[in-house]
Protein chains: 4
Amino acid sequence: MTQGNGFFGLDSSVRFEGEGSTNPLAFRFYDKNRQVMGRSMEDQLRFAICYWHSFTWPGGDPFGGETFNRPWMRQGGDPLAKAKEKAEVAFELFRILDAPFFSFHDVDVAPEGETLAESIKNLNEIADIFEEKMKTHRTRLLWGTANLFSNRRYMAGAATNPDPDVFAYACGQVKAAIDVTHRLGGENYVCWGGREGYETLLNTDMKRELDQLGRFLSMLVEYKHKIGFKGPILIEPKPKEPSKHQYDFDTATVFGFLQKYDLVKDVKLNLEQNHAILAGHSFDHEVKLAYANDLFGSLDINRGDDLLGWDTDQFAMDVKEMTLVFHEMLKHGGFSTGGLNFDAKIRRQSIDPQDLVIAHVASMDACARALLSAERMLTDGALEKPLADRYAGWDKAENQAILAGQSSFEAVAERGLGLQPQPRSGRQEYLEGVVNRYVY
Amino acid sequence: MTQGNGFFGLDSSVRFEGEGSTNPLAFRFYDKNRQVMGRSMEDQLRFAICYWHSFTWPGGDPFGGETFNRPWMRQGGDPLAKAKEKAEVAFELFRILDAPFFSFHDVDVAPEGETLAESIKNLNEIADIFEEKMKTHRTRLLWGTANLFSNRRYMAGAATNPDPDVFAYACGQVKAAIDVTHRLGGENYVCWGGREGYETLLNTDMKRELDQLGRFLSMLVEYKHKIGFKGPILIEPKPKEPSKHQYDFDTATVFGFLQKYDLVKDVKLNLEQNHAILAGHSFDHEVKLAYANDLFGSLDINRGDDLLGWDTDQFAMDVKEMTLVFHEMLKHGGFSTGGLNFDAKIRRQSIDPQDLVIAHVASMDACARALLSAERMLTDGALEKPLADRYAGWDKAENQAILAGQSSFEAVAERGLGLQPQPRSGRQEYLEGVVNRYVY
Amino acid sequence: MTQGNGFFGLDSSVRFEGEGSTNPLAFRFYDKNRQVMGRSMEDQLRFAICYWHSFTWPGGDPFGGETFNRPWMRQGGDPLAKAKEKAEVAFELFRILDAPFFSFHDVDVAPEGETLAESIKNLNEIADIFEEKMKTHRTRLLWGTANLFSNRRYMAGAATNPDPDVFAYACGQVKAAIDVTHRLGGENYVCWGGREGYETLLNTDMKRELDQLGRFLSMLVEYKHKIGFKGPILIEPKPKEPSKHQYDFDTATVFGFLQKYDLVKDVKLNLEQNHAILAGHSFDHEVKLAYANDLFGSLDINRGDDLLGWDTDQFAMDVKEMTLVFHEMLKHGGFSTGGLNFDAKIRRQSIDPQDLVIAHVASMDACARALLSAERMLTDGALEKPLADRYAGWDKAENQAILAGQSSFEAVAERGLGLQPQPRSGRQEYLEGVVNRYVY
Amino acid sequence: MTQGNGFFGLDSSVRFEGEGSTNPLAFRFYDKNRQVMGRSMEDQLRFAICYWHSFTWPGGDPFGGETFNRPWMRQGGDPLAKAKEKAEVAFELFRILDAPFFSFHDVDVAPEGETLAESIKNLNEIADIFEEKMKTHRTRLLWGTANLFSNRRYMAGAATNPDPDVFAYACGQVKAAIDVTHRLGGENYVCWGGREGYETLLNTDMKRELDQLGRFLSMLVEYKHKIGFKGPILIEPKPKEPSKHQYDFDTATVFGFLQKYDLVKDVKLNLEQNHAILAGHSFDHEVKLAYANDLFGSLDINRGDDLLGWDTDQFAMDVKEMTLVFHEMLKHGGFSTGGLNFDAKIRRQSIDPQDLVIAHVASMDACARALLSAERMLTDGALEKPLADRYAGWDKAENQAILAGQSSFEAVAERGLGLQPQPRSGRQEYLEGVVNRYVY
């Protein structure tokens, strides 16, 4: 391991060394200024380092406690002082990775107080520090959010809580979080559903709870406009965990919800690979469905374990999977306010500070490699041309007329009577081979 | 086994013998005239026998062929003659079970012809026979549907096919199926998504395909009104199989789809336990969500295997699970046009004709037992009272005002600042004990 | 809720009130002195209350912290004093439930010290208290065990750790735990695999680790004999969580492992429903396979959620599932040293102390109800008679000869040439109906 | 698509064109004579084309029938003549792919007769043709096997059938299959468990059935020795499908079974990726566990869908996954009698004959690419060096003594008392980055 100063023992930032490098602290593919489809690689990928997994999680799991023993997690002492120490290390990592963005929950950065007012005061005190830091660092805020799930007051949900006082408390907390996000120039505000869901239907009135959630979001959207926050509100679909059932199950479910409560215009999605597979979908599926319904916002970049039934939030390393996602994204012109947020945590056995750096480097590189594959695949029309060809029949005027609502059922049925449609090969293996050509 | 005449060797219908009976060919709980919440048990449960699993499936699975060797499935001979033999046996079973309803796909009852026109002619010829039969049998038609998935022409979907000719052919087939359903007095018309989904996203334009599906259903709804068909169009959500991804994934997904294409009013849902669990939901969840969004239509009654990843369509035997579903249904006044359709198949080793009777009897009895538990639980308010109590805070005027859109985010947030909400027990185990009291 | 004295607000023990009772603090079926197949119900079920879920778990999950706020979990203060307070409440619950047994991990009952020696001293100090308590309470120790997974030293396993010092430390800890178990009259000693498994194969030498684990158990068996501990060592199969892969995956895997390291005679299994379903098996399957290989030891009684991919350890409430398990157990004469250990935890929203009592009562009752169903089913031979009939052909001498190794392949093959075997119905639905007759 | 003669429209064999080729009918990486760790690429990979998926499966699934319409699957006509046509096409494909091996079930290649004797006669008639073909083609037989699952006689299992006549019939069929395999120079004989498992435990005596299976295999091993068949008997683990539970669940389960019936020496494993993931394991895990217990035999090369619960048998395309498997294999010196058998089927929409060629080419290329990555990774010691370092402590004499059984539990425990073991980083992300360096 490299030996240097600071928490990570690294004096300089991680650099691009090219594909031949074997240095785990250098990039092989991530060359931030390289142009990819008209934007720099940095601007296409828009990486954000998250506060919670990297600086707030102590390494525990349901069967064991802390493994990391970070200095700022020590027992006792002034919580605010420890929060400031943590902020120092966070910006040290941002510098080392030359990260364009970061992201946080309110409680990640500042300690909860005895009262909500005190919690908000703490949050703003840390935000002051962030503002100072951001004058000398180039790292900007991708998004902020409020943690409405860890404290026991939220054990039965926040906006969907059976107790309206909890709903009100959540409003207070979210207001402070979006205010701080706004002041720090955050480009989005995220609402992850946390415990908006249920443990058992025996004690749950799902209809009531969904109405509460719809109203909560509508009020938040009104407030966002009032304060001039330009970015979207992002919902992050997840099907289960911590709740048995989470209301924001997946893209399709959230789409139904947003339509019901007339929120489609102002609310977009923050999608994650691990949440996708827990819902039984590929990452690619979720992204394509979001684009199909004009709901694409941002991405949490990580990976789950296909053989496990819980959220493992591992660092994304699969180039093929990301190639398909970035291909779709590039097709639509790339991110606007969104980015690739590292909602990924090192394994609890990765206890060396440098493991945190190495993990980010390896995953950023896998993303960069995927971006390059996606660019070539899109430029070549390798998938787009066969796709257009497959649906070409529908481009004919008579068939466009059907889709445009200019034909009756009987008329089309009548036409069907004379047909003997012959199936054409779906060519799946050919297309898989094409993708492999761009990935390996 | 009882020995008698006919295919099933049973001369008389299955009778109610009471809880003490050990006769597998008698009902212990299903006493059709017994009153349950203001309707007869028969009228609450509205059982339908399905044609496909009971009379059309030969016992095959992906690793092996026919096991049942039904006479009407013999190789060779006139297909229409065999279809008539099958109809005789079907009505024999309806009589034995005293079934109030049945259901079918077009190709279950009549052989496909060389052309669509010929297939439709065959269908109508069998429909004539059904009409005759229904004059002397009390069994009515719960719903009809068209099989748009078995023939190779539909291998890439029907309404969502990349080839518009297949779309037109499907319109022709569905028109005939709904016409026949209407003529036979069917109370609903069902659209199961079959292969409306994809095998791989590499060759799929999901947005195009969903638009096609939306247009198809809109045209069908227009047609239904035109011919005066009073019942609803029912979509049957299923997440996967045969396709890797089925567009009608689950209740929530279909809700989003129906809103997008403005179909909420005319299209309802036909829900199934096995499809629910494949999507990661409990049966109860799907039913409650459907009621919450005014989409409840009918139920396919069966069960899946929690440990297997495919549709096993076993006969429903779990009284507890059904008690919760029927409790919700009774709470909303019970079925209107819907019913309990036996989309359930005997295992391929259950090769004796009487196995088919015994399976239906056992499952009808489990349903009846569940209905009785649900009735008592609802009458006692055993779950409803604790539920109302849990949400009582929201019934206050000030909180209703929030839900009614009469409060701003800032105002509620301000109120939250002064609160220290105290969590209350969710009492899950207490409620589980209550349910057990009604089930065992 | 009943109001009385003590932590649970209950002055008297829970009593049997009969099936008609609606009191959540009374038994409807668990009548401890009732005779079931020659033993009292209490002696057939041998309930044990576990220390960890009931008294040590604070209500946290991966997304949130403590909800229960038990007095003995307060921050600060003398750990040993708090351990003693906890012991008081534990024996209060044992009394209220009239529990015949309890169970614990070393760290559940006594605080870890700075050194292993100090931890062992603490453990023995609490054991002294237990000894005193057990003089006046009738609750005995079903089993003890050591927690080799929570402390960060065990993050990469205990016996399977790449560091032999951790192996040695684990030996020290286990020695103390079995010594204490022995001194308290424990009837079994349990080894749950904890983190004996891997997070990634990239850093794991599975062969080495299995050899380490085999040696560890062999040494423990030798030691057990040395100190005269009569009960078996019990392994508890679990497929995953906390590790990605746990070496003691399921009954079949452990059977292979025990044979390889020649441990079949001394080591038996402690099976759990939730672990069974995580491995893709029914509880019934695991129990039957254990009996088939003479490995049955004891049961952890709980239930998982079929729709979730992690260990939920909910209180067992499904009478049908337990009926089948108890049927098998009764068939083999019931427990010897084993029992029904409540490895079950109330949901984190069940924050009232009485929830803990109510949960145990409801689940004990479900077990009792299942035992009664199993007894009747076995007495009637309801499943056993059809089973014997199905395999009757194998009881013929010529076929027993095959199984006894007295026929050659060619000879049997030759006989096969002349046969046209006709399949017989598997009668699955009939048998499901039979089971329902005993359960509902 | 290329246009030429024959069923596939291809006159010449597929050739190696190098990494830059975009021709789907050429190899980019599979250069059969290239040396990889001392053997040619062809000899390291030992590809086999399977008969069943490629030539016998008509494209059906549980919801639809034939899509491929292969000429030799036409209705009517002489079955043996059609089998000969099929053999022509099979050897045409072997030639086009320059396949070193093929594999088959008895019923894939020859039609079943009215009696077992007739079936065997048919099989031998086709085997005569194969013998002729193999004189002029270089393709050899990797393995043969018997299909003991498709015919209804086997609906309740073959060796595990409750009816001993079915057991005898299975012996007859297997004897013929291994005889033919032997005569054709097959290098292994495979037993896939087919329906050796259960649909429901209600009608199953698992202990009896496992004893039957153990005896069956013992007799087969005796027979194999008798006829001088040198290759191993291979069991193919699979956890479920077609049965609810398959007895040969996974590597670990089969290991336990083989030990119990004393078959470890003569029976090895044929492992498959899709079966591995259905059992909850990675492919890599199964392979490593097989090597750890000296059970590695051969591989079925395909892939499942991580999001589906059934056997999809898709063509293997994931280079990373195979790199890890081949790395293990190369470490152990590569295949002896085993090979990479393409137990993979084109999707049912891939209806063009060339799809079959393209699929094999793409997958062979993915395997070749993985082999090259594995070679470099192994040669560099990229994973092996960190692994050895991690366990180095165990190589010390004192710790080897523990494993060798030269220490008592008390002695090691005593040593543990003085230790404070410090955990070391597991470095998972570093290692993932290393693997990516070799794959992308």
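Biologist: In this predicted model, what rotation superposes chain B on chain A?

Modeller: Let's start with the fit: chain B lands on chain A with an RMSD of 0.0 Å. There is 0.0 Å of shift along the axis, and the turn that does the job is 180°.

Biologist: Which residue of chain B has the C-alpha nearest that axis?

Modeller: Take the axis that superposes chain B on chain A and look for the nearest C-alpha in chain B. That atom sits 1.7 Å from the axis, and the residue is B:G256.

Biologist: Now chains B and C: what kind of axis relates the two copies?

Modeller: Chain C superposes on chain B with an RMSD of 0.0 Å, after a rotation of 180° and 0.0 Å of shift along the axis. The two copies are thus related as by a two-fold rotation axis.

Biologist: How many residues of chain C are in contact with chain B, and which element gives the most?

Modeller: On the chain C side, 35 residues are in contact with 35 residues of chain B. The elements of chain C giving two or more residues to that side are α12 (353-379) and α16 (428-439). By class, the side has 15 nonpolar, 11 polar and 9 charged residues. So the count is 35 residues, and the top contributor, with 7 residues, is α16(C).

Biologist: Why can we say that chains C and B meet through the same surface?

Modeller: Check how the interface residues of chain C compare with those of chain B. The copies meet through the same surface because the share of chain C's interface residues that are also interface residues in chain B is 100%.

Biologist: Zooming in on chain A, how far apart are the C-alpha centres of its two domains, domain 1 and domain 2?

Modeller: The domain assignment of chain A puts domain 1 at 30-379 and domain 2 at 386-439. Between their C-alpha centres, the distance is 39 Å.

Biologist: UniProt lists A:E236, A:E272, A:D300 and A:D343 for "binding site". What is the largest C-alpha distance among them?

Modeller: That list comes from an unreviewed UniProt entry. The residues are spread over 108 residues of sequence, yet they cluster in space. The largest C-alpha distance is 11.6 Å.

Biologist: Is A:E272 buried or exposed?

Modeller: A:E272 is found in strand β12 (residues 267-272), and touches A:E236, A:D300, A:N302 and A:D343, leaving out residues up to four places away in sequence. A residue needs 20 or more other C-beta atoms within 10 Å to count as buried. A:E272 has 28 of them, so A:E272 is buried.

Biologist: Which strand holds A:D300?

Modeller: A:D300 counts as buried, with 26 C-beta neighbours inside 10 Å. Beyond four places in sequence, A:D300 touches residues including A:E236, A:E272 and A:D343. Its place, at residues 296-300 of chain A, is strand β13.

Biologist: Which residues does the UniProt annotation "active site" cover, and where is each one found?

Modeller: The unreviewed entry names A:H105 and A:D108. A:H105 is buried, with 22 other C-beta atoms within 10 Å, and A:D108 is buried with 22 too. Outside four places in sequence, A:W52 is among the contacts of A:H105, and A:D108 touches A:W52 as well. As for where they sit, A:H105 is in strand β6 and A:D108 is in helix α4.

Note on methods: Residues are numbered from 1 along each chain as its sequence is written. Chains are lettered from A and ligands numbered from 1 in the order in which they are written. This is a predicted model: local features need pLDDT of at least 70, side-chain atom pairs count only at pLDDT 80 or more; totals for chains, interfaces and linings use all residues. Copies are superposed by least squares on the C-alpha atoms of residues with pLDDT of at least 70 in both. Two residues are in contact if their C-beta atoms, placed from the backbone, lie within 7 Å. Domain bounds come from an automatic or database domain assignment. UniProt positions are given in the numbering used here, feature names are shortened, and annotations may be inferred rather than shown by experiment. Helices (H or I, at least four residues) and strands (E, at least two) are DSSP runs, numbered from the N terminus. A residue is buried if 20 or more other C-beta atoms lie within 10 Å of its own, exposed if 12 or fewer, and partly exposed in between; C-beta atoms are placed from the backbone. Ala, Val, Leu, Ile, Met, Phe, Trp, Tyr, Cys and Pro count as nonpolar, Asp, Glu, Lys and Arg as charged, and the others, Gly among them, as polar.
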